[in-house]
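Here is a friendly walk through one structure, strand by strand and helix by helix. Have your viewer open as you read.

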Amino acid sequence: MNVKGLTALVTGGSRGLGRALGEALAAAGARVVLVAQHAEPLGAVVAGIRARGGEAHAVVADVAELEAAHAIAGQAAALVGPVDLLVNSASTLGPVPLRLLLDTECEDLSRVLEVNLVGPFRLTKAVAGSMLLRGRGTIVNISSDAAVEAYERWGAYAASKAALDHLTRVWAAELAGTGVRIFGVDPGEMNTRMHAEAMPEADPTALADPARVAARLLALIGAESGVATGARVVVANLPSPDRGVG
Ligand SMILES: NC(=O)c1ccc[n+]([C@@H]2O[C@H](COP(=O)([O-])OP(=O)(O)OC[C@H]3O[C@@H](n4cnc5c(N)ncnc54)[C@H](OP(=O)(O)O)[C@@H]3O)[C@@H](O)[C@H]2O)c1
């Protein structure tokens, strides 16, 4: 799959990794639709991409809402055509400071699962049918090392990402041979608002720039990637475009 001319739907596009991916995709010639809940920062990202000659559009939505997936997919199709690439990057930690499971409200666990797991599932369902008909498409579910490590206080978020990883594997098994690829991606620790909210004591200069992570992900998305569908990809293990440390 060539990135140039690709139609891409990226959730969480107003900041952090989703923003960096949207910007990198648009700079490489993709036609990009970005999703977030807050219109103003999302609009600023879209305006920045357009000012640099790229194509980008904003869709303001909460991916956790029951009716959102078809509205998002429908708007994306109307703006750029059928979606070739879906990146589920939008995510929530739940209440911060992060809490022990004994102190976690059931409602907070439900909200984290709706945003991080059910939203990506609904969006995948909303775009996969068209991908299947066209015999091509790529879906990237952004995961975390918290999906495989049992960190204290990360329970709700970690459970959502572990379930997302497994859903990714089952999607891949069910979509095998159709031309539709799906990956789970652990981006590593990045200098973003989410990281600052989770770990305010961390040194931001020791964290990866999301733009560097996005550059590595472009290679995964592009045709040159030999990564098998269903793989859980750790970005630090992907080749760096400039062989730098991401
Ligand atoms: N940062 C890290 O170190 C790290 C490490 C491992 C994995 N990750 C994963 O990487 C991905 C990106 O994280 P990040 O650090 O870039 O996060 P971030 O800086 O907090 O950005 C999150 C983005 O998602 C949007 N968003 C949040 N909830 C949403 C909802 N319900 N509906 C629609 N959009 C929503 C936010 O905009 P609005 O607030 O306007 O909705 C924002 O654009 C996430 O999946 C995260 O779990 C991050």
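The report below covers the ligand shell, the paired strands and two of the helices.

## The model and its ligand shell

Please keep in mind that this is a predicted model. A good place to begin is the ligand. Which residues come nearest to it among the 30 around it? They are G12, G16, Q37, S91 and T192. Three elements give two or more residues to this shell: α1 (16-27), β2 (31-36) and α6 (193-198).

If you are thinking about the chemistry of the shell, its residues divide into 14 polar, twelve nonpolar and four charged.

## Strand β2 and its two partners

β2 contributes to the ligand shell, and it is also worth a look for its surroundings. Six of its six residues are buried, so the strand is largely enclosed by the rest of the structure. In a regular strand, side chains alternate between the two faces of the sheet. Here R31, V33 and V35 point one way, while V32, L34 and A36 point the other way, and all of them are buried.

On one pairing, β1 (residues 7-11) runs parallel to β2 and is joined to it by five bridges. To find the register, look for T7, which stands opposite R31 in β2. Between these strands the chain passes through α1, giving a right-handed β-α-β crossover.

The other pairing is with β3 (residues 55-60), again in the parallel sense, over six bridges. V32 of β2 stands opposite A56 in β3. Helix α2 (residues 39-51) belongs with these two strands in a right-handed β-α-β unit.

## Strand β4 and its two partners

Now turn to β4 (85-88). Are its faces covered or open? Both are covered: L85 and V87 lie on one side, L86 and N88 lie on the other, and all four are buried.

β1 comes back into the picture here, because DSSP bridges count as pairing once there are at least two between two strands. Three bridges join β1 to β4, and the strands run parallel. A8 stands opposite L85 in β4. β4 also runs parallel to β5, with four bridges joining them, and V87 stands opposite V140 in β5. The chain goes from β4 to β5 by way of α4, and this β-α-β crossover is right-handed.

## Helix α5

How far apart are the end C-alpha atoms of α5 (residues 155-175)? They are 30 Å apart, which agrees with the 30 Å that its 21 residues should span at 1.5 Å a residue.

Several residues of α5 are buried, among them G155, Y157, K161, L164 and W171. The cover over the buried residues of this helix includes α4 (106-134), β5 (137-142) and β6 (180-186). After α5 comes G177, whose phi is positive, near 80°.

## Helix α7

The same check can be run on α7 (residues 210-221). At 1.5 Å a residue its twelve residues should span 16 Å, and its end C-alpha atoms are 16 Å apart, which agrees.

α7 is mostly covered, with nine of its twelve residues buried. Which residues of α7 are they? They are P210, R212, V213, A214, A215, R216, L217, L220 and I221. Their cover includes α1 together with the strands β4, β5, β6 and β7 (232-234).

Notes. Residues are numbered from 1 along each chain as its sequence is written. This is a predicted model: local features need pLDDT of at least 70, side-chain atom pairs count only at pLDDT 80 or more; totals for chains, interfaces and linings use all residues. A residue is near a molecule or strand if its C-beta atom, placed from the backbone, lies within 6 Å of it. Ala, Val, Leu, Ile, Met, Phe, Trp, Tyr, Cys and Pro count as nonpolar, Asp, Glu, Lys and Arg as charged, and the others, Gly among them, as polar. The expected span of a helix is 1.5 Å times one less than its number of residues. A residue is buried if 20 or more other C-beta atoms lie within 10 Å of its own, exposed if 12 or fewer, and partly exposed in between; C-beta atoms are placed from the backbone. Two residues are in contact if their C-beta atoms, placed from the backbone, lie within 7 Å. A crossover is right-handed if, with the strands pointing away from the viewer, the path from the first strand over the helix to the second runs clockwise.
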